[in-house]
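Here's a quick briefing to read alongside the coordinates. Have the viewer open and hop between the topics as you like.

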Amino acid sequence: MGIRVWRRLGLILLLGAIALSGCEKKEEEKTSIKVGVSVYDSHDTFLAELMSDFNKLVTRKADESGVAISVEVKNAGWNQSTQNSNAEDMLNDGCDILCINLVDRTAPTAIIDLARQKNVPVIFFNREPVEGDLDRWEHLYYVGTDAGQAGCMQGEIAAEAFRQHPEYDRNADGEIEYVMIEGESGHQDAIVRTEVSVSMLVDSGFKVKKLKSAIGNWLRPQAFTKMEQIIAECGDEIELVLANNDDMALGAIDAYNSAKIPMEDRPVIIGIDGTDAGVVAVKNKEMYGTVLNDKEGQAEAMVNLVYAEAVLGDVSGIDFTEGRYIRVPHSKIVGE
Ligand code: GAL
């Protein structure tokens with residue numbers, strides 16, 4: 001056989017291979033998938049609402065696409081080794097993709113290694129792994145928000161309140177005396193929201209004085225107990241309460257209710273999240289305002305990513321904010 005015949009044969013084989021790989025791509029599209037989710041604490045109000053949106057949107061996606069999507073949700077109960085076992089069990093159960101709300105955001109290695117061995121992609125959400133961990137494999141993603149933006153908006157709400165109502169500076173000393181109720185120490189949202197909300201107030205031209213700060217671990221009862229003590233110590237000196245989330249702002253409101261302090265004698269109280277109860281408190285004017293941590297937007301981003309990765313095997317249609325990160329924007333909710 002001459003060289004030209006060999007060349008032609010080579011070309012035919014090449015075209016055949018390309019055609020086959022095209023067919024293979026189609027075959028990769030699945031008609032049913034299993035999603036494994038592990039949350040750090042299933043009793044966390046914001047996460048419970050986010051998961052409820054996630055389940056609704058999964059059902060909608062399954063109906064629209066005709067792909068059967070089943071979801072298995074496990075509670076890690078604030079324990080990283082429980083979460084590692086959750087992940088292992090879900091991988092052994094044949095999950096096609098994992099959604100992990102890390103207990104300890106500095107400890108994703110065990111889960112990444114297990115998932116990678118089985119070639120199962122992982123979407124981390126809400127609790128952001130530290131920089132660099134997402135670079136360890138190309139099928140790792142993060143869905144969350146920009147913590148600085150939430151702090152910035154909370155500071156803007158406070159600045160606007162004191163600008164519109166100079167009388168909120170109760171002792172008229174030209175300084176805002178405030179209390180900060182922080183979420184869990186080490187959590188990206190607690191660290192950044194705390195820092196940025198106050199610097200936003202200062203950048204807006206206000207003088208501020210921190211009376212007290214307390215850690216409430218995102219929890220309403222913990223914030224209630226801490227705030228009871230703070231009210232006992234600082235009383236009507238407090239002009240502003242900034243809470244890293246709505247549940248803790250509600251805990252502060254509970255403390256004012258339990259101390260039977262009338263509405264007109266209370267400080268400005270501002271939360272973050274826009275949970276169902278938080279929004280009701282803003283409507284009732286018990287909470288001055290809050291920042292919407294768009295749970296539905298985050299759930300929708302997760303569902304779209306699950307579908308793109310686990311069903312289509314192609315994430316080119318996903319709009320990443322940076323690298324493999326999706327950050328859903330916040331917005332302000334103010335009663336007035
Ligand atoms: C934050 C949210 C908190 C809590 C926390 C858990 O984004 O504002 O309410 O849910 O995540 O990681």
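Let's start in a loop: Asn-119 sits between α4 (109-117) and β4 (122-125). Its phi is positive, about 60°, even though Asn-119 isn't a glycine. Keep in mind that this is a predicted model. The chain has 336 residues, and 48% of them count as buried.

**Overall layout**
- The chain carries 10 helices and 12 strands.
- Measuring tape along the principal axes, so to speak: the C-alpha trace spans about 100 × 40 × 35 Å.
- About 15600 Å² of the chain is exposed, and carbon and sulfur atoms supply 52% of that area.
- Take the contacts between residues at least 6 apart in sequence: 73% of them join residues at least 24 apart.
- For a sense of distance, Pro-262 and Ala-115 are 147 residues apart in sequence, and their C-alpha atoms are 54 Å apart in space.

**Loop residues to look at**
- With a relative accessible area of 56%, Asn-119 is exposed, because the cut-off for that label is over 50%.
- Trp-218 also has a positive phi without being a glycine, here about 75°.
- You'll find Trp-218 in the loop that runs between β7 (207-215) and α7 (220-234).
- Trp-218 is buried, at 6% relative accessible area.
- Pro-262 belongs to the loop between α8 (246-258) and β9 (268-270).
- At a relative accessible area of 36%, Pro-262 comes out as partly exposed.

**The ligand site**
- Which residues surround the ligand? They are Tyr-40, Asp-44, Phe-46, Asn-126, Arg-127, His-187, Asp-189, Arg-193, Trp-218, Asn-245, Asp-273 and Asn-293.
- So the loop residue Trp-218 turns up again here, as one of the residues around the ligand.
- Asp-44 has a polar side-chain atom 2.9 Å from a ligand oxygen.
- For Arg-127, an N or O atom of the side chain is 3.0 Å from an oxygen atom of the ligand.
- For Asp-189, the corresponding distance from a side-chain N or O atom to a ligand oxygen is 2.6 Å.
- On its own the ligand would expose 310 Å², and the protein buries 99% of that.

**Thr-194 and its surroundings**
- Thr-194 is part of helix α6, which covers residues 188-203.
- Is Thr-194 buried or exposed? It's buried, because its relative accessible area of 17% falls under the 20% cut-off.
- The Thr-194 side chain makes a polar contact with the side chain of Asn-244, at 3.2 Å.
- Beyond neighbours within four places in sequence, Thr-194 is in contact with Met-180, Glu-182, Asp-189 and Asn-244.
- Asp-189 is thus a contact of Thr-194 and also one of the residues around the ligand.

**Nonpolar cores**
- As a rule, nonpolar side chains in soluble globular proteins tend to be buried together.
- The largest nonpolar core here holds 61 residues, and those with the most contacts inside it are Val-35, Phe-54, Cys-99, Phe-125, Ile-181, Met-227 and Ile-238.
- Helix α10 (residues 295-312) gives the most to this core, namely 10 residues.
- A separate core has 20 residues, among them Ala-161, Ile-176, Val-198 and Leu-242.
- Setting aside residues up to four places away in sequence, Val-35 touches Phe-54, Ile-69, Ser-70, Val-71, Glu-72, Cys-95, Ile-97, Cys-99 and Val-306.

**Val-241 in its strand**
- Val-241 is located in strand β8 (residues 240-243).
- Its relative accessible area is 0%, and Val-241 counts as buried.
- Val-241 and Val-268 are 27 residues apart along the chain, while their C-alpha atoms are separated by 6.1 Å.
- Not counting neighbours within four places in sequence, the contacts of Val-241 are Val-179, Ile-181, Met-227, Ala-252, Pro-267, Val-268, Ile-269 and Ile-270.

**Cysteines**
- How many disulfides does a search of the whole structure find? It finds zero.
- Cys-152 is partly exposed, at 23% relative accessibility.
- Cys-234 is buried, with a relative accessible area of 10%.

Methods: Residues are numbered from 1 along each chain as its sequence is written. This is a predicted model: local features need pLDDT of at least 70, side-chain atom pairs count only at pLDDT 80 or more; totals for chains, interfaces and linings use all residues. Side-chain values use heavy atoms; hydrogens and water are left out. Helices (H or I, at least four residues) and strands (E, at least two) are DSSP runs, numbered from the N terminus. Buried means under 20% relative accessible area, exposed over 50%, partly exposed in between (1.4 Å probe, protein chains only). A polar contact is a pair of N or O atoms within 3.5 Å; within protein, one must be able to donate a hydrogen and the other to accept it, and residues adjacent in sequence count only if both atoms are side-chain atoms. Contact means heavy atoms within 4.5 Å. A disulfide is a pair of cysteine sulfur atoms within 2.5 Å. A residue is near a molecule or strand if one of its heavy atoms lies within 4 Å of it. Accessible areas come from the Shrake-Rupley method with a 1.4 Å probe; for residues, only the protein chains shown count as cover. A nonpolar core is a set of buried Ala, Val, Leu, Ile, Met, Phe, Trp, Tyr and Cys residues joined through side-chain atoms within 4.5 Å.
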